[in-house]
Amino acid sequence: MAHPVGYVPEDAVIEGHDVVKEYRTGDQVVRALKGIDFGIASGESVAVVGPSGSGKSTLLNLLGLLDVPTSGSVTLYGEETAEFSEAERTQKRKEVIGFVFQSFFLIPTLTARENVEMPRLLDRTPKRTRERATELLERVGLGDRLDHYPDELSGGQKQRVAVARSLINDPALVLADEPTGNLDRKTGDQILDLFDELREMEDVAVVTVTHDDYVADAADRVVRLIDGTLREES
Amino acid sequence: MFDRLAARFPVLLLARRNLARSRDLTILAVLAVVIGVVAIGGIGLGGEAFKQDQLSAFEGFGGTATADPIDYEGEPASERGFGDGDIDRMRQAAGSATVLPVVSPGGSTVQTASGDIAVTAQVNGIEDPRAFYDAQTGEIPANWRRSVVVGARIADTNDIAVGDRITVSVPGAFTRAFTVDAILEAQGFADPLSADQTVFVPLAQFGEPRYDSAVVRVPTTAGDIDAVAENIEAALNVRRQEVSVSPVQNQRAQFEQLFGTINQFLAGVGALSLLVAAVTIANTQLMSALEREGELGVMRAVGYPKLAVVRLLVAESAALGVVGAAVGIPLALAIGLVVNALLVGDPLAFTATGLTYVAVGAVFGILTALVAGIYPAWRTANKRPVEAFQA
């Protein structure tokens, strides 16, 4: 099914209209996003592709509520993200969004299970958190590595831990920044399969940012960013 | 136990793991706090022990005071100091207390049997040393007119023994050789006549002198030296101020205060080492935060509020302070034990003030660490998570 450029699904978790993002570097103003429309529906899988410098990271930051647009609107369940206070954005990130990074960013001093628990460590529900973390690690195939530290895990295993971590708060949206960038092809495939599996089981939308076309092939929908503007293809 | 604590305060778990990660830096930072705590506590305890040791010299002088004449300019030499009349009036005013007139001629010299000059010796003329002092060796004769008795330290440093002949020379009065009849017991520095440094010559040798001062002592069981001192001053200072009587205990109080001040100053110098600890900790935390920028950014991204990151980092530096204090306190106390044993003779002779120094050192140590951690924590937490993201 093909969608027009700037397609915004009806039941979008997060959507943007005429989104512009500018950065000031010294005297120069860099326009990273030049007025784009986007939307992520619940449970769908979207790949954002494009060469480096095309605005991928900027889009990811906006989707992750890590930044707000210079103009235009980005809404989360219909609420304007620019109007959230920083504390509110932090809270919304925790409730709605999970993150997976290219270089995993596991905390080396915590075990696999503790790393998965980390986003919920301050919630004072240690028992439920532990159960959920164990369940997630079992689901990503690391049930026998619960108490291993990151340096005792392979790259693929680390990324599995990171995927489990992104799901600990039952998010509606997982943002994955080059999730296979540091993995070999075979391991990368496994991670992508894992995303597909989890998307079905957890009913979570997955946005993968990549410059790798084969990663994009695995997605329901591909958003191509070139020089701050969108080109969509199915 | 730590697991249960960590379940209640998950920040502690994170903090402990992080500190364990950069172990060498952590140990150095803890060491800096330990040094500060030991410096303050050790100086405090040591100073207190020294004070106790010095103040013990005042023991036995509880009922003693010195009476000094107040001389006026233009007064003829014959009216300077105390005359016999003054001493009589003092004795009347003093009731049952003993008043002992003293001649302390300046410029006197003492030459030992071997011909050496006893450099630090001073010469005092008194009526009867038995009123105040006991002999360590020899015996002070009942009718003491023609021999000398010698203080413990002077006898010791100049090898003066009972039976020696020593020559005492008082300018304008006499130069005579005397037999040493007794060496006195050591009195300590609080003795109003500095007996340890003194060669006592019978007053009779001075003819009809003016007295340079008088020592007043009340009987040990009954009597209030402060009241006696007041009585004497009241009786003699009628027309004008003629005498000032100061109980040895007043000097003790002044002394104690002086020691307290010196001790506080020294502990303050010790506290400077905590400043160094603060710099070390701030440096450790800044480096550690820099190293973990990515991780901390992820924590912010996954929903840790700014304050939670600040709390985590401050908990780490506070933990450095707590561990430093926990190691420093027993070390300071150990120093206290040794110094007490050496100076006071009782390892456990801790004073409340001394222990307060240790407590203050510990509290300062923890506070310093905590405060030193605030800036790096605040700086790190205020980085936008997105910056950490792209690191």
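Colleague: When do two strands count as paired in this predicted model?

Modeller: Two strands pair if DSSP finds at least two bridges between them. Now take the case here. In chain A, four strands form an open sheet with the order β2-β1-β4-β5, and the pairing is antiparallel.

Colleague: Which strands of chain A stand at the edges?

Modeller: β2 (28-41) and β5 (79-80) of chain A. Each has a single partner strand, so one side of each is left without a neighbour in the sheet.

Colleague: How many bridges join β1 and β2 of chain A?

Modeller: Strand β1 (residues 12-25) of chain A pairs with β2(A) over 11 bridges, in the antiparallel sense. For one residue pair, look at A:Arg24: its bridge partner in β2(A) is A:Val29.

Colleague: What does helix α1 of chain A touch on the sheet?

Modeller: Helix α1 (residues 56-63) of chain A packs on the sheet and touches β1, β2 and β4 (71-76) of chain A. The directions of α1(A) and β1(A) make an angle of about 125 degrees.

Colleague: Now chain B. Which feature does UniProt place at residues 269-384?

Modeller: An unreviewed UniProt entry gives "domain: ABC3 transporter permease C-terminal" for that stretch of chain B. In the model, residues 269-384 of chain B are 87% helix and 0% strand. The end C-alpha atoms of the stretch are 41 Å apart.

Colleague: Where is confidence lowest and where highest in chain B?

Modeller: Lowest is helix α11 (residues 385-389) of chain B, at a mean of 57. Highest is strand β6 (residues 148-150) of chain B, at 94. Chain B averages a pLDDT of 87, and 96% of its residues score at least 70.

Colleague: What does the model score as a whole?

Modeller: The ipTM is 0.87 and the pTM is 0.73.

Methods: Residues numbered from 1 in each chain as written. Chains lettered and ligands numbered in written order. Predicted model: local features only at pLDDT ≥ 70, side-chain atom pairs only at ≥ 80, totals over all residues. UniProt positions renumbered as here; feature names shortened; annotations may be inferred. Helix = DSSP H or I, 4+ residues; strand = E, 2+ residues; numbered from the N terminus. Contact = placed C-beta atoms within 7 Å. Axes fitted to C-alpha atoms, helices over the stretch in contact; angles between N-to-C directions. pLDDT = per-residue confidence, 0-100.
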